[in-house]
Amino acid sequence: MKNKKREKRKRRVMEDRKRSAVWLYFNVVNETTASCIVCKKDVKYSGNTTNLYKHMKHHDQENAELQKQREETKRRSLPDPERPASSLRQTSLTEALAGMIAKDLQPLSIVEDKGFQDFVKTLDSRYKIPSRKSLIEGKLPALYEDCSSRVRKALGEVDNVVLTTDMWTSRATEGYLTVTSHIINEHWQMEAYVLETSSFPGQHTAENICSQLTRIVEEWGIKDKIVAVVTDNGANMVAAVRKAGWAHYPCFAHTLNLVVKDSFKAVPGLLEIQKKSSAIVSFFHHSTTAASKLKEIQKQQKLPEKKLLQSVETRWNSLFYMWERLSEQKDAVTTVLCLLGKTSLCLSQEEWSEISLCLNALRPFEEVTKEISAEKHVSISKVVPLVSLLLRSLCASEQEGSKLAAELSAQCHRRFRATETFYGLAASTYLDIRFKNLAFRDSSNVEPVKARLVTEMQSVSQTSAAPVSSATSSATSSTPTPAPSTCAAKGGIWAEFDSVVLLSQHHRKSSTDALIEMRRYAEERPIPRDQDPLLWWKNNTSAFPCLCKLAKRHLGVVATSVPAERIFSKAGELLTIRRSSLKPKNVNMILRMGGRSLSHQASLLWNKPGGSAGGFLPVKGEFSSPCNDYELNTIFTQTQGRT
């Protein structure tokens, strides 16, 4: 038995000697000992070469050669035939590659880049990278069709769909129209999908826009499900939506933008301060000496080492961020300008004071813009309370002597005077269990909203396939109603009375049920503001079977057209110089698939630093990853010239 084990060990040693490169530097002395050829020292080993490799580390030159031979042996041991195109691995990798191109908006030519090919070869030498043609004609269209079928199914399962839309121009001066859809699904979760990014070669008239929108919704089979369309305040957009017969909601963020821009124009001296501030930033951006000196002074004064931000005309919040950064770096900026002999660029103390007052007045607007542009949570119901809060904050700024705050207040009163009487906004606010009637500045506006909601409930109950009145009766009654057969079977002295009760239940009007539901909802206590109103409605659907349908209709509207704007912001990245000749149909295909969700990729248009293409998959989380100064300046630059 021992002899057999000894022979087995000897064979294993001999096999290792044949396979392992380390045996080029050792001679076998016996079954447990080997002699180093370099230093003639005996080294113990027990059926493996671990100790031999450790010993070779004492001989640098020989060990380096040994490691090269070891790596070469490993490389040769790997099979190198290309996988057949039909293999499961090949298909899986190609799908992942197509998904990466769509999600990250990579150019299709990436498959021809030498660096990318070398990287893939290192990961898997047997994978055959598909050509651009096979991707654009094969895998991407297949993924596109798969996504289309999934979103078509999601839209088919709901009764209410909200659209956002906007127009933009590519680098190749081609016009595009982007349309996104928003729903509340059966689980009371908000979902957002890109329906289409279509080429728009004609004039941007209301008739042409209406024709395109109608075509898109008809192709998706949702023409009779449109609750509202959210756009900017452009006259052609507003007219197009109304021409199609849909309710139009003005983009709240765009209206805020107009409020701020018009207020700036109305306050003397602010535009001059803005020009001087931009000149300072431009100087630091174009002078390497100034930029280097600024870093040096920031270190000396222990200030955050941040670059200055430039403003752009189309986004008021870029001006806010520019002034905010300048105020933070005030001492460092002034010091550098003086040291470099650029005192003419320095702002006076009065101008710095004016900037400080402007920042205090604008900060609530910046906060509101960020909050209202979120897609994951209900946003439309916040418009009424946020307008009220903005006006209160402006009153405080007016008392500080801010001319801009006074003008902002006047503009808000002019543009938002009908907010509480706009039925869609008022109804969504009242149906948000967090706000109800508490968010209204004028309490007299609440009762008309409640009355119209009751009328809408009556209409819904009459058109509903299932009798809402019986559902409401069962929900409002603590005791289940006995079936007619049960009452008849009992007979006796109560028979006639039971028949009268059943008859009264069947003949109760839907108006009565609607009033009861509304009265019961009015008595519900509001929930904390940080809780989800959709979750509350999900848990109380049985208690409010008719009113919950209206909640799903009104709370599903988004407050801004930011989702559509995020798409053309992302399209600006897609249609770069490297991909400026991408065909419109391929732009639509990639943008529709280009991400996990509308908000997962980027809320960069509206978010402050320190904190898209949309896709078919549902929105599951808000974008919160930070972008640096360079990225923020790039985003602001890309948004210039958009309508």
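**Entry 1: strand β4 and its neighbours**

I opened this notebook at V162, and its bridge partner in β5 turned out to be H182. Worth jotting down at the outset: I am working with a predicted model.

Next I looked at how the two strands run. β4 and β5 (residues 175-184) are antiparallel, and eight bridges join them.

Then I asked myself which residue of β7 is the bridge partner of L163. I found V229 there. The pairing of β4 with β7 (residues 226-231) is parallel and extends over four bridges.

I also checked how well β4 is covered. Eight of its nine residues are buried, so I wrote "mostly covered" beside the strand.

**Entry 2: the loop before β4**

I stepped back to D159, which I located in the loop between α6 (132-156) and β4 (161-169). Is D159 buried or exposed? Its relative accessibility is 63%, and because the cut-off for exposed is over 50%, I logged D159 as exposed.

I looked up a distant partner in sequence as well. K549 is 390 residues away from D159 along the chain, yet their C-alpha atoms are 9.4 Å apart in space.

**Entry 3: the cores**

Now for the nonpolar interior. I found that the largest nonpolar core holds 96 residues, and that F284, W323, F365 and W537 have the most contacts inside it. Helix α14 (residues 349-372) supplies the largest share of this core, with nine residues.

Where does this core lie with respect to domain 3 and domain 4? Domain 3 (257-414) and domain 4 (420-462 + 511-559) both contribute residues, so I placed the core between them.

I picked F365 for a closer look. Leaving aside residues up to four places away in sequence, I listed L256, V259, V260, W316, L390, L394, L408 and C412 as the residues that F365 touches.

There is a second core too, separate from the one above, with 27 residues. I noted A206, L213, I226 and M237 among them.

**Entry 4: the whole chain**

I finished with the totals. I counted 28 helices and eight strands in the chain. The chain has 643 residues, and 49% of them count as buried. For the accessible surface I wrote down about 32,400 Å², with 51% of that belonging to carbon and sulfur atoms.

Key. Residues numbered from 1 in each chain as written. Predicted model: local features only at pLDDT ≥ 70, side-chain atom pairs only at ≥ 80, totals over all residues. Heavy atoms only, no water. Buried < 20%, exposed > 50% of the residue type's maximum accessible area, 1.4 Å probe, protein only. Areas by Shrake-Rupley, 256 points an atom, 1.4 Å probe, with all protein chains shown as cover. Core = buried A, V, L, I, M, F, W, Y, C linked by side-chain atoms within 4.5 Å. Domains from an automatic or database assignment. Contact = heavy atoms within 4.5 Å. Pairing = 2+ DSSP bridges.
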